[in-house]
Amino acid sequence: MRIDILTLFPEMCNAVISSSIIGRAVAANKVEIFCTNIRDFANNKHNKVDDTPYGGGMGMVMAAEPIDNAFNSLYDANTEEKPHLIYLSPKGKTFTQQKAVELSKKERIVLLCGHYEGVDERVIEKIVDEEISIGDYVLTGGELPALVVADAVCRMLPGVLADDVCFTEESHFSGLLEYPQYTKPAVWQDREVPEVLLSGHHANIEKWRRKMSLKTTFNKRPELLNSATLNADELKYIDELREEKHDI
């Protein structure tokens, strides 16, 4: 897979791309990630990429032409299929684990980082395939959201993590939050690791983890249960949790 990031601050992105799991994935040729500086395609003396908004208002708007030029430099429109272009925007649909899985199946994606008051709507209409937001708040630019998306997508690629279980049991992959985790020592400040985790009985451990995943989701993100796939016993357990909460 290849991921391209269109940005005004490639050095900011490169610092993350070369680190941790993403850095190891790139080094192992599991994924290619490139940063393209939009300023390099401004075609003016001072590499200016923004201007004042028509109609008045505060701030500046990124111009369409430099973005379009930068994107077109990434592929040959005559011989190659257009890469899937994502604009990181607070107006986009909220990013989810399911979207990360979906994007990981594409051969190539391009992440466009906006700045200032956003980008000229015309370039969005021309080349953007979808808009994604990482939450209902506004950041200075799209670099952090782009890196969040890149990180989440890279984790889904074959061979990036040691085993598929590394992400299939994580929060949100199955629609639920992850069960509690513990490590050595078995007793810390009079707090003990649950006995079942020390038993070596894998079936009981799996059953406990699923139950704790349901309980954690119920307590912290109950709305996720509305779309989770639950069997009859699990639905009964959720009802018991509701009754306990009502009785308190």
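The legends below accompany several views of a predicted model, beginning with the whole chain and moving on to local details.

**Figure 1. Overall view of the chain, with its 9 helices and 9 strands.** The radius of gyration of the chain is 23 Å, well over the 18 Å that the globule rule gives for 248 residues, so the chain is more spread out than a compact globule. Measured out along its principal axes, the C-alpha trace spans about 70 × 45 × 40 Å. Among contacts with a separation of 6 or more, 73% are between residues that stand 24 or more positions apart in the chain.

**Figure 2. Surface and charges of the chain.** About 15100 Å² of the chain is exposed, and carbon and sulfur atoms supply 50% of this area, while buried residues make up 42% of the 248 residues. The chain carries 28 positive and 40 negative charges, and the mean positions of these two sets are 2 Å apart.

**Figure 3. Close-up of helix H6, residues 143-155.** This helix has 13 residues and reaches 18 Å from its first C-alpha to its last, which is close to the 18 Å expected at 1.5 Å a residue. H6 is mostly covered, since 10 of its 13 residues are buried. The buried residues include the hydrocarbon side chains of Ala146, Leu147, Val149 and Val153, and Glu143 and Arg155 are also among them. An α-helix has 3.6 residues a turn, so residues three or four places apart point the same way.

**Figure 4. Close-up of the cis peptide bond between Lys184 and Pro185.** The omega angle of this bond is about 5°, and Pro185 lies in the loop between helix H7 (165-168) and strand E8 (187-188). Most residues other than glycine have a negative phi, and most peptide bonds are trans.

**Figure 5. Close-up of Asn29, a residue with a positive phi.** The phi of Asn29 is about 60°, although this residue is not a glycine. Asn29 lies in the loop that runs between helix H2 (20-27) and strand E2 (32-37), and with a relative accessible area of 70% the residue is exposed.

**Figure 6. Close-up of Gln189, another residue with a positive phi.** Gln189 is not a glycine, yet its phi is about 50°. The loop that holds Gln189 lies between E8 and strand E9 (191-192), and Gln189 counts as exposed, because its relative accessibility is 60% and the cut-off for exposed is over 50%.

Technical notes. Residues numbered from 1 in each chain as written. Predicted model: local features only at pLDDT ≥ 70, side-chain atom pairs only at ≥ 80, totals over all residues. Heavy atoms only, no water. Helix = DSSP H or I, 4+ residues; strand = E, 2+ residues; numbered from the N terminus. Rg over C-alpha atoms; globule rule 2.2 N^0.38 Å. Buried < 20%, exposed > 50% of the residue type's maximum accessible area, 1.4 Å probe, protein only. Contact = heavy atoms within 4.5 Å. Areas by Shrake-Rupley, 256 points an atom, 1.4 Å probe, with all protein chains shown as cover. Lys, Arg positive; Asp, Glu negative; His and termini not counted. Charge placed at Lys NZ, Arg CZ, Asp CG, Glu CD. Expected span 1.5 Å × (residues − 1).
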